[in-house]
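Have the model open and ready to rotate? Let's walk through it one region at a time.

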Amino acid sequence: RYLKREQWKKTPRIVVGGGFRQSDVGELAIARAMTLMKAEGHPIELRPIEHHPDDAGLIGAIHLMPPWMLKGHKAIVAVDIGGTNMRAGIVELNLDKKDDFSAGRVWKSEIWRHADESPSRSASVEKLAGMINALVNKAIKAKLEPAPVIGIGCPGLIAPDGSIEKGGQNLPGGNWESEHFNLPEELTKAIPEIDGQPTFVIMHNDAVVQGLSQIPFMKDVEHWGVVTIGTGLGNAHFTNR
């Protein structure tokens, strides 16, 4: 179905992320799907996403940032919000090893399974802010010099101002699509500074962010896509320029 869309027609490679990818059954299904596609005349490569999917959702946030915001820093704060869990982490840039972010790695992360608690929306934001603050303090103590930025991957169609236009129905405790709610703004209020500098928060669709983690590994193709399979289904298509 994706390949019938105009944007996907000449796509030679699709990576598969989300929780499905981390299971043995998932990896077998990915390989089997590629075999079936080729048998039907679609010579497309399907491959599991390069990083562990939990890490990919955080590492991809590096690519959301304007490069100048990362100068002089060794790490950023990243968040991956799902229909079952929220994960926050400190991502090391490791630019002294690779300047294309291919050496980026999750230094430390925390996960909260909100599906077990059914919290309100405001309680969810408060919990997330607490996780981020704890991680930032650990990063500062470890001399990782975190940049004053938070990159977020979130389900749904994300508007340029960071609000969720649609697709947020699996998120905990209330209407995340309300015109009166904006998660980046709420987090900026809750965490006004990181290491003494004003906080900048940017949010994009979670499938897009997972896909962005693949940028360093997709330089040999012009077009590629990502499909994420978890609590929900996500997809994104990319063109290298």
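The lining of the second largest pocket splits into 14 nonpolar residues, one polar and three charged. In this predicted model, that pocket has a volume of about 510 Å³. Its lining counts 18 residues, and Arg1, Tyr2, Ile14, Met37 and Leu46 are the ones nearest the centre. Strand E1 (13-17), H1 and E12 are the elements that give two or more residues to this lining. H1 gives the most, with five residues.

Since H1 has come up, follow it along. Helix H1 covers residues 24-39, 16 residues in total. From first C-alpha to last it reaches 23 Å, close to the 22 Å expected at 1.5 Å a residue. After H1 comes Gly41, which has a positive phi, near 90°.

Now swing over to the largest pocket, with a volume of about 880 Å³. It's lined by 34 residues, and Ile81, Pro155, Asp206, Thr228 and Gly232 lie nearest its centre. The make-up here is nine nonpolar, 20 polar and five charged residues. Quite a few elements chip in: H2, E3, strand E7 (157-158), E11, helix H5 (206-212), strand E12 (223-229) and strand E13 (233-239) each supply at least two residues of the lining.

Two of those central residues are worth a stop. Thr228 sits in strand E12. Is Thr228 buried or exposed? With a relative accessibility of 7%, Thr228 is buried, because the cut-off for that label is under 20%. Setting aside neighbours within four places in sequence, Thr228 is in contact with Gly17, Gly18, Ala207, Gln210, Leu233 and Gly234.

Ile81 is the other one. Beyond residues up to four places away in sequence, Ile81 touches Met86, Leu128, Ile152, Gly153, Cys154, Pro155, Leu171, Leu183 and Asp206. Ile81 also takes us into the largest nonpolar core, a group of 31 residues. Along with Ile132, Ile150, Ile152, Leu183 and Leu187, Ile81 is among the residues with the most contacts inside that core. The elements giving two or more residues to it are strand E3 (75-81), strand E4 (86-92), helix H3 (121-141), strand E6 (146-154), helix H4 (183-190) and strand E11 (200-205). H3 contributes the largest share, eight residues. There's a second, separate core too, with 15 residues, including Ala61, Ile62, Met69 and Ile76. In soluble globular proteins, nonpolar side chains tend to be buried together.

To finish, look at a couple of loops. Glu50 is in the one between strand E2 (45-48) and helix H2 (53-59). Its relative accessible area is 43%, so Glu50 counts as partly exposed. Not counting residues up to four places away in sequence, Glu50 touches Arg21, Gln214 and Phe217. Gly234, which we met as a contact of Thr228, is 184 residues from Glu50 along the chain, and their C-alpha atoms are separated by 17 Å.

The other loop holds Asp195, between strand E9 (193-194) and strand E10 (197-198). Asp195 is partly exposed as well, with a relative accessible area of 41%. Which residues does Asp195 contact, leaving aside its neighbours within four places in sequence? They are Ile140, Glu145 and Pro146. Asp195 and Ala147 are 48 residues apart in sequence, and C-alpha to C-alpha they are 7.9 Å apart in space.

Definitions and conventions
Residues are numbered from 1 along each chain as its sequence is written. This is a predicted model: local features need pLDDT of at least 70, side-chain atom pairs count only at pLDDT 80 or more; totals for chains, interfaces and linings use all residues. Side-chain values use heavy atoms; hydrogens and water are left out. Helices (H or I, at least four residues) and strands (E, at least two) are DSSP runs, numbered from the N terminus. Buried means under 20% relative accessible area, exposed over 50%, partly exposed in between (1.4 Å probe, protein chains only). Contact means heavy atoms within 4.5 Å. A nonpolar core is a set of buried Ala, Val, Leu, Ile, Met, Phe, Trp, Tyr and Cys residues joined through side-chain atoms within 4.5 Å. The expected span of a helix is 1.5 Å times one less than its number of residues. On a 1 Å grid over the protein atoms alone, a cavity is a set of points where a 1.4 Å probe fits but cannot get out, and a pocket is an open set with protein on both sides within 12 Å along at least five of seven lines; lining residues have an atom within 4 Å of a point. Grid points are joined across faces, edges and corners, and a volume is the space filled by probe spheres set on the points. Ala, Val, Leu, Ile, Met, Phe, Trp, Tyr, Cys and Pro count as nonpolar, Asp, Glu, Lys and Arg as charged, and the others, Gly among them, as polar.
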